[in-house]
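Open the model in your viewer and keep the selection box handy. We will walk through it stop by stop.

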Amino acid sequence: MKHILLTCTALATLAAPIASPSQTHTTAAHATAATSSAIKNVFWQPDSLKQGSPAFFTVELERPALRVTGTWVNKTLTFFKTSDPKLWYALAGDDLETQPGTFNISITATLAGGRIARTTKPIDIAAASFTTGTANVAEDFVEPNAEEQKQIAADERLKARAYAHFLPQPQWTGGFIKPVKAESTPSFGETRVLNEEKTSEHRGTDFPVNEGTPVEASNSGTVVLADPLFYEGNCVIIDHGQHFFTIYMHLSKPTVKVGDKVHKGERIGISGKTGRVTGPHLHMGVRWNGAYLDPVELLALTLPPIPANEHDKTPAAHAAARR
C-alpha cells in the first residue's frame, strides 16, 4: 500500500503544469514593478549639476514610509520627512573633484510591514569652469617651519574631530543666507599659485569685506569648532545636521563657542584677516560627507522650512567666546 501511495503522488506531480522560464521572469518582473511603484518620483535641484554642486533631493512616495536612504556618488544619503509622510528630503552634493560623467542615485524606502521599495536614476555631472590665479602671502604659509608644522598637524586633528560630529536630524530651515552683506567673488575651485611656488586649491568662496564686518550663521545649527588655526585663521564651523557643515574663516574673532546652538542670521563672529590671506575678507566653505561644495550654489537653492527648526525670536549675538 505504501508503494502505491508514493506512485500516485509521483503521478500527480508529473501531471501538474510546469511554469516556463518566461512565465517565471514575468512574475518576478511584476513583483519588482509593484515594489518600485511605491516610489512615485525622484527629483532634485538644481536641474543641472556640475562639479561641486550642492543638490537637494526629493523622493515622492505613493504611501508613507518608515525610512528612506540612498547612495549618491559613493556616499550615503539619509533622507528626512516633515509634515507630509510621503515626501522625503536630503541635502547633499558632489565634490569639486568629482570627474564629470553620469552617476546613479539609488533610493531605498522601507514601507509599513517591512516591504522594501527601490529605484535608481541616472544623473549627469558636467564639468565646471574653474579659474586660476596667483597670490602673494607671508613666506611661512608656503614653507612652514617645524613648530608651525606641529600646529598644522594639531589643526587637522581639531578639524577631523569637528567633522566627525553627527546630528541625525537636519538643524537648518529654509534657504541658506549670505553670511555677510557683500557679493562673493567667483573663486570656488580656483587653482592658486602662492608666491610662484606652491599650488593651492580654493575649496570655498571669498566675500571681500572690511575688517570688523559682522558675520552671521548662514543657517541654524550647532557650533563644532571655534578656534584659531594656522591656515584658516580664526575659524568657526557649524554642523547643520546629517553631515552638512558650513565653515567661516579668517575672522578677527569668533563670538560663539563650541556647543552653542545658533539660529540662521545670528552673529557668529567679526571678519578679519587672520591666517593665510592677502587682505581682509571672509572665506565661506561648505562640506557634506567629506565633499566640498560651491557656497554660491547653496545660497541659490530653494529649500523648504522645517517647522521643528523654526524660531520665533529674533536672533541675538552670543557673548564673546571664552578662551
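Two strands pair if DSSP finds at least two bridges between them, and the strands themselves are DSSP runs (E, at least two residues; helices are H or I, at least four), numbered from the N terminus. This is a predicted model, in which local features need pLDDT of at least 70 and side-chain atom pairs count only at pLDDT 80 or more, while totals for chains, interfaces and linings use all residues. Residues are numbered from 1 along each chain as its sequence is written, and side-chain values use heavy atoms, with hydrogens and water left out.

**Stop 1: the five-stranded sheet**

Select T71 and T76: T76, in β5, is the bridge partner of T71. Their strands, β4 and β5, pair in the antiparallel sense over four bridges. Now select residues 65-72, which are β4, and add β8, its antiparallel partner over seven bridges. Here V68 has A109 of β8 as its bridge partner.

Carry on to residues 116-126, strand β9, which pairs with β8 in the antiparallel sense over 10 bridges. N104 is matched with P122 in β9. The two strands form a hairpin with four residues between them, and G113 in the turn has a positive phi of about 85°.

Show the whole open sheet: its five strands run in the order β2-β9-β8-β4-β5, with mixed pairing. β2 (49-50) and β5 (75-78) are the edge strands with a single partner each, so one side of each has no neighbour in the sheet.

**Stop 2: the four-stranded sheet**

Next comes an open sheet of four strands, ordered β1-β3-β7-β6 with antiparallel pairing. β1 (39-45) and β6 (80-81) each have a single partner strand and stand at the edges, so one side of each is left without a neighbour in the sheet. β6 meets β7 through two bridges; select F80 and its bridge partner Y89 in β7 to see one pairing.

**Stop 3: P100**

P100 sits in the loop between β7 (87-93) and β8 (101-111). Is P100 buried or exposed? P100 counts as partly exposed because its relative accessibility is 40% (buried is under 20%, exposed over 50%, partly exposed in between, with a 1.4 Å probe and protein chains only). Leaving aside residues up to four places away in sequence, P100 touches Q51, I125, A126 and A127 (contact means heavy atoms within 4.5 Å).

**Stop 4: the nonpolar cores**

A nonpolar core is a set of buried Ala, Val, Leu, Ile, Met, Phe, Trp, Tyr and Cys residues joined through side-chain atoms within 4.5 Å. The largest has 57 residues, and F57 and W72 have the most contacts inside it. Select F57 and look at its contacts beyond four places in sequence, including F43, W44, W72, L77 and F79. Then move to a second, separate core of 13 residues, with A162, C235, F245 and I247 among them.

**Stop 5: the largest pocket**

A pocket is an open set of points on a 1 Å grid over the protein atoms alone, where a 1.4 Å probe fits, with protein on both sides within 12 Å along at least five of seven lines; lining residues have an atom within 4 Å of a point. The largest pocket holds about 800 Å³ of space, a volume being the space filled by probe spheres set on the points, which are joined across faces, edges and corners. Select S200, E201, Y231, M249 and R276, the closest to its centre of the 34 lining residues.
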